[in-house]
Amino acid sequence: MLNTTAFTRWFFILVSVFIITLILWNTYAFFNQLKESERGKMQIWASAQEELQTSDLGSGEINKIVLEVVQSNSTTPMIVYTHKEDSYNVRNIVEKEMDSAKLREHRKKLTEQFASEYKPLEVTYNGELLQTIYYGNSPLINKLKYYPAVLILIIVLFFVAVYFFYQTSRSAEQNKLWAGMAKETAHQIGTPLSSLVGWTEILKSEQVNPEYVVEIEKDIDRLRTITERFSKIGSIPKLERKDLVTETRTSFDYLKRRSSKLIHFELEILDEPVWVQLNSQLFSWTIENLVKNAIDAMKGKGTIHITIESGSKYALLRVSDTGKGIPKKHFSKIFQPGFTTKKRGWGLGLSLVKRIIEEYHNGRIRVLKSTPGVGTTMEISLRLHS
């Protein structure tokens, strides 16, 4: 059975489709009625024109009502072709200035267009065809002709707005959920972390090899950093003026020491400081995610090359690997939450990186280049801060 939400959604969709269909059908029927009314009006006008022509031919008096009918039509565009004189007479049509040959050709094309919209009306006298009346849609009908398309466009825009509102609401709910889980994770890590600090002090008093204790303390500091990272999710982090070179080297050294010997790390950075606005914990998380993704792409064996360049306004940090590469069609998708090409993975790493860089640091991250079987280069740009 469909749950209540799904049933409500489908009910709303079906009702909307029914309403749209009803509106379009009524619009179509109304449009046809207007066309029939236009044809009836023109038939009356043609009868008056015939009466006018026969009165002239028979030297009779012209009925004033006939004249009023002929003169009253000021909206319907028409062309009256007089066969005996082989001439065109236009009414309610604005024509541009042109020579007689082009003008005649233009009127002839209009008669063909009008004939496709309405069947031409004929004026006869004693079995002789005097005139043929070609007429088209009035300005009102022409405007109404596009009404269904405009209506559909408005409805589509309405549904798009509803869809984006729904997606934004769902995204906001998901963000609250992830933020809550992250803060709870930080809280849960805090308890064993405090215990580990106490055990470290005991190991020092037991005269354990100091090198072991130092390494344990490094991992404790790392856990503290991870705890701070998770606690910052869902809140606006504090940015400080930091040297991008130093921050990158710190993250680089930590990852290099704790990665497989099959991974060859290369660091190409500037000698002078590059000052930017950073949050150290979140930036190190970004570097860690990019490097771990690169290691996964290389299946645990290859070269990771990190470079830093400084331009006139922006600092550029690039992380390159010698992995399997990313297909071009996935360049934009890899930053979407949940998208992953791995058999195991949640697809959150790069989406988190994008949020940290673009939303928190007002920077930009992109796939600079990627070649299948050769490798990938990711580029982060951050505005320089003097």
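**Confidence, a contact hub and two positive phi angles**

Q: In this predicted model, where in the protein chain is confidence lowest, and where is it highest?
A: Across the protein chain the mean pLDDT is 81, with 86% of residues reaching 70 or more. Confidence bottoms out in helix 5 (residues 147-205), where the mean is 72. The top value belongs to strand 9 (residues 314-321), at 95.

Q: Is Leu384 buried, partly exposed or exposed?
A: Let's place it first: Leu384 sits in the segment after strand 11 (375-383). Buried would need under 20% relative accessible area and exposed over 50%. Leu384 has 26% relative accessibility, so it counts as partly exposed.

Q: How far apart in space are Leu384 and Gly311, C-alpha to C-alpha?
A: Setting aside neighbours within four places in sequence, the contacts of Leu384 include Val274, Trp275, Ser310, Gly311 and Tyr314. Leu384 and Gly311 are 73 residues apart in sequence. Their C-alpha to C-alpha separation in space is 8.5 Å.

Q: What is the phi of Lys299, which is not a glycine?
A: Most residues other than glycine have a negative phi. Lys299 is in the loop joining helix 8 (280-297) to strand 8 (302-310), and it is exposed, at 75% relative accessibility. Its phi is positive, at about 55°.

Q: Which loop holds Asn362?
A: Asn362 is not a glycine, yet its phi is positive, about 55°. With a relative accessible area of 63%, Asn362 is exposed. Its place is the loop between helix 9 (349-360) and strand 10 (364-371).

Terms used: Residues are numbered from 1 along each chain as its sequence is written. This is a predicted model: local features need pLDDT of at least 70, side-chain atom pairs count only at pLDDT 80 or more; totals for chains, interfaces and linings use all residues. Side-chain values use heavy atoms; hydrogens and water are left out. pLDDT is the predictor's confidence in each residue, from 0 to 100. Helices (H or I, at least four residues) and strands (E, at least two) are DSSP runs, numbered from the N terminus. Buried means under 20% relative accessible area, exposed over 50%, partly exposed in between (1.4 Å probe, protein chains only). Contact means heavy atoms within 4.5 Å.
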